[in-house]
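Hello,

Here is the structure I said I would pass on. My notes follow below it.

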Amino acid sequence: MKILSKIALGLILFLTYVSTPANAQEDYRFDIGGGLGMTGYLGDANSANLFQMPGWDAEVLFRYILNPRINLKTNFYVGSLRGDSSKMDNVFPEGQNFKFSTTFYELGELFEFHFFNYGMGESYRKLKRWTPYITAGLGITAWSVDGTGGAAFTIPLGVGFKYKPALRWNLGFEFLMKKTFSDKLDGPQLADPLGIKSDFMKNTDWYSTVSFTVSYEFSKRCAVCHYKD
């Protein structure tokens, strides 16, 4: 009986160990993934309705996970932007109308701040499988319209939402508005249609990205120790 009791006790301890979500205690340094979405444009060819002529975007992202509240994200976008001044209420001199279409390429570095401690397991850290977040950073965008290329620094600002359907996997939704330090995103014809010189806060173009993303965490932060580097 003692042998059977020991075997039963050992089996219970083993099953308890196996059934405990030990993997949920794992902590990873990096997150990589991609996404698809929609773009919008605000500028000389569209001054009011951000999604009047929506475009598309595709994204590749890489995150460094500092802790459950803070991430640093590097992303690369490729997408399209379109505009048509004939759809605006504003009228240009001599009744001129302009339209443009371009493919842009953007590289950015953003800071993400989660409203809640994001993750799975580790109840003492009060982790949640979902969280809204705010984000901001700096980027550079390149484009070409009617054979004329350009590039400019951008400031992306936005909000997002993350959900963890399983350990290491993340689903995300993100909306970003991006201020470009240029008035030529919509082409050379629309660089200064009203004869008003551009400056830091005036006449610069904006565009947005709305993206749905999937990402996967990797590289255990600490496989054998009980503290973080």
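**Ala58 and its surroundings**

Not counting residues up to four places away in sequence, Ala58 touches Gly35, Leu36, Phe76, Tyr77 and Val78. Please keep in mind that this is a predicted model. Ala58 is found in strand S2, which covers residues 55-65. Its C-alpha atom and that of Gly35 are separated by 5.8 Å, although the two residues are 23 apart along the chain. Is Ala58 buried or exposed? Neither label applies: Ala58 is partly exposed, because its relative accessible area is 22% and buried means under 20%.

**Overall make-up**

The protein has one helix and eight strands. Read from the N terminus, the order of elements is α-β-β-β-β-β-β-β-β, so the helix comes before the strands. Of the 229 residues in the protein, 39% are buried. Taking the contacts between residues at least 6 apart in sequence, 66% join residues at least 24 apart.

**Strands S6, S7, S8 and S1**

Strand S6 (residues 148-166) and strand S7 (residues 169-180) run antiparallel and are joined by eleven bridges. S6 and S7 form a hairpin, with two residues between them. Arg168, in the turn of this hairpin, has a positive phi of about 80°.

S7 is also joined to strand S8 (residues 206-220), again by eleven bridges and with the strands antiparallel. Leu171 can be followed across these pairings: in S7 it stands opposite Tyr163, and in S8 its bridge partner is Val214. Further along, Phe175 stands opposite Val210 in S8.

S8 in turn pairs with strand S1 (residues 28-42) in the antiparallel sense, over 14 bridges. One of the pairs there is Gly33 with its bridge partner Ser215 in S8.

**The second largest cavity**

How many cavities of 30 Å³ or more are there? The count comes to two. The second largest has a volume of about 30 Å³. Its lining consists of Arg63, Lys162, Asn170, Leu171, Gly172, Thr213 and Ser215. Two of the names have come up already: Leu171, which is bridged to Val214, and Ser215, which is bridged to Gly33.

Which strand gives the largest share of this lining? S7 does, with three residues. S7 and S8 each supply at least two residues of the lining. By class, the lining of the second largest cavity has one nonpolar, four polar and two charged residues.

**Thr135**

The last site is Thr135, which has its place in strand S5 (residues 130-145). Thr135 counts as buried because its relative accessible area is 6%, and the cut-off for buried is under 20%. The side chain of Thr135 reaches the backbone oxygen of Phe111 at 3.0 Å. Leaving aside neighbours within four places in sequence, the residues in contact with Thr135 are Leu110, Phe111, Glu112, Pro156, Leu157, Gly158, Val159, Glu174 and Leu176. Phe111 therefore appears both in the contact list of Thr135 and as the residue whose backbone oxygen the Thr135 side chain reaches, a pair that fits within the 3.5 Å limit for a polar contact.

Regards

How values were computed:
Residues numbered from 1 in each chain as written. Predicted model: local features only at pLDDT ≥ 70, side-chain atom pairs only at ≥ 80, totals over all residues. Heavy atoms only, no water. Pairing = 2+ DSSP bridges. Helix = DSSP H or I, 4+ residues; strand = E, 2+ residues; numbered from the N terminus. 1 Å grid on protein atoms, 1.4 Å probe; cavity = no way out; pocket = protein on both sides within 12 Å on 5 of 7 lines; lining within 4 Å. Points joined across faces, edges and corners; volume = space filled by probe spheres on them. Nonpolar A, V, L, I, M, F, W, Y, C, P; charged D, E, K, R; others polar. Buried < 20%, exposed > 50% of the residue type's maximum accessible area, 1.4 Å probe, protein only. Polar contact = N/O pair within 3.5 Å; in protein donor to acceptor, adjacent residues only side chain to side chain. Contact = heavy atoms within 4.5 Å.
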